[in-house]
Amino acid sequence: MQSGLSPAEVEEAISSLRKIGLPLTASAEDRWRLERPLPDLLSAEELIARTEEDRVAWSAVVYDQVESTSDLLLREEVAGAPEGLVVTAERQSRGRGRLGRRWESDSPGGIYTSLLLRPELGLPQAHRLTILTTVAVAEAVEEITGFSPKIKWPNDLIGPRGKLGGILTEVAAKGGRVRGGVIGIGLNVSQELESFPEEIRGRASSLRIETGSLFRRVEILAALLRRIAIRYRGDFAEIRRLWEWRCESLGKMLRVRQGEGVVEGYALGLDEDGLLLLRTEAGAVVPLLAGELLGAGEPAGANRPCDAGGGWLR
Ligand code: BTN
């Protein structure tokens with residue numbers, strides 16, 4: 001097939017395609033061949049090309065290694081970076097998880113990404129960002145892989161074999177309103193069990209482990225940004241319902257560490273800002289923003305569904 005381009009133009013086009021990681025090789029008679037399968041490269045150009053239609057104007061930077069994509073983006077937030085800036089890295093040397101924990105980011109094949117949103121939200125509504133992102137990540141995974149992750153409160157994505165990913169939202173505020181939300185997303189994509197450090201092997205999983213297949217991270221990440229853009233502009237009541245539908249912690253008795261204490265109660269659902277409503281044995285309904293889930297069990301006694309009478313919220 002003739003391209004209609006001059007040799008110099010062809011050379012330039014080939015060179016920019018190679019720059020974004022496409023493995024093009026020259027064959028006889030000036031033909032170019034695209035090697036398959038395509039490499040699992042995270043390319044900012046491909047990411048943006050795949051999300052151009054979104055209602056959030058995404059811009060992306062991809063690093064080989066950083067300490068933490070969230071730390072980097074928090075500094076950009078303070079410097080006034082625009083909404084939609086996405087920072088992603090092949091590896092993080094100091095990836096952070098919830099509750100001050102380390103997020104394992106040494107193994108290649110994971111998605112380690114942070115994105116900046118500047119929503120019109122009061123501080124009490126900021127938790128909506130985490131809820132909508134958790135739903136969006138689950139939907140993106142389902143769209144690309146066909147595998148449907150569940151949510152474990154507060155914001156873990158899980159499969160039958162363990163934790164696939166998590167969300168860490170950090171918010172900067174001004175005058176009681178959100179100025180910027182840095183949403184950090186860690187998602188295990190192509191790791192095998194042996195790729196994880198021994199201490200987390202019993203509870204970590206990846207999309208490869210769950211499905212037996214390999215996926216290109218850039219496709220998942222692009223789907224993720226597309227879903228976030230949709231949910232960000234979406235109706236929170238619907239997002240809440242989608243979160244609840246995917247959540248395996250609801251309808252169970254949960255034990256949650258809150259600072260020094262432990263709260264125990266029946267998980268009813270989310271309130272209008274995404275806080276978890278727990279009904280304690282004393283009958284009080286307590287909204288929880290976060291905490292460490294120590295255990296989940298089947299309800300007994302007054303919390304058994306058939307005994308609940310008019311006490312159910314939904
Ligand atoms: C959790 O504890 O479940 C949340 C993990 C969030 C990890 C991501 S990876 C990208 C971003 N950068 C970080 O340092 N942490 C978040």
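Modeller: Let's agree on terms: a pocket is an open set of points, on a 1 Å grid over the protein atoms alone, with protein on both sides within 12 Å along at least five of seven lines, and its lining residues have an atom within 4 Å of a point. The model is predicted, so local features need pLDDT of at least 70 and side-chain atom pairs pLDDT 80 or more, while totals for chains, interfaces and linings use all residues. Residues are numbered from 1 along each chain as its sequence is written, and side-chain values use heavy atoms, without hydrogens or water.

Biologist: Happy with that! Which residues lie nearest the centre of the largest pocket?

Modeller: The lining of the largest pocket counts 44 residues. It draws at least three residues from each of domain 2 (44-246) and domain 3 (253-304), with bounds from an automatic or database domain assignment. Nearest the centre lie Arg 101, Trp 103, Asp 156, Lys 163 and Arg 203.

Biologist: Which elements give two or more residues to that lining?

Modeller: Elements here are DSSP runs numbered from the N terminus, helices being H or I of at least four residues and strands E of at least two. One helix name and several strand names come up: H3 (69-78), S5 (110-117), S7 (156-159), S8 (162-174), S9 (177-188) and S14 (292-297).

Biologist: How do H4 and H7 lie to each other?

Modeller: The axes of H4 (residues 128-145) and H7 (residues 236-246) come within 9 Å and cross at roughly 60 degrees. Axes are lines fitted to C-alpha atoms over the stretch in contact, with angles from 0 to 180 degrees between N-to-C directions. Under 35 degrees counts as roughly parallel, over 145 as roughly antiparallel, 65 to 115 as roughly perpendicular and the rest as oblique. The crossing angle therefore makes H4 and H7 oblique.

Biologist: And what is the angle between H4 and H6?

Modeller: H4 and H6 (residues 217-232) are oblique to each other as well. Their axes are 8 Å apart, and the packing angle is about 135 degrees.

Biologist: Which peptide bond is cis?

Modeller: Most peptide bonds are trans. Look in the loop between S6 (150-152) and S7, where Pro 154 sits. With omega near 5 degrees, the cis bond is the one from Trp 153 to Pro 154.

Biologist: What phi does Leu 99 have?

Modeller: Most residues other than glycine have a negative phi. Leu 99, in the loop between S4 (85-92) and S5, is not a glycine, yet its phi is positive, at about 55 degrees.

Notes:
On a 1 Å grid over the protein atoms alone, a cavity is a set of points where a 1.4 Å probe fits but cannot get out, and a pocket is an open set with protein on both sides within 12 Å along at least five of seven lines; lining residues have an atom within 4 Å of a point.
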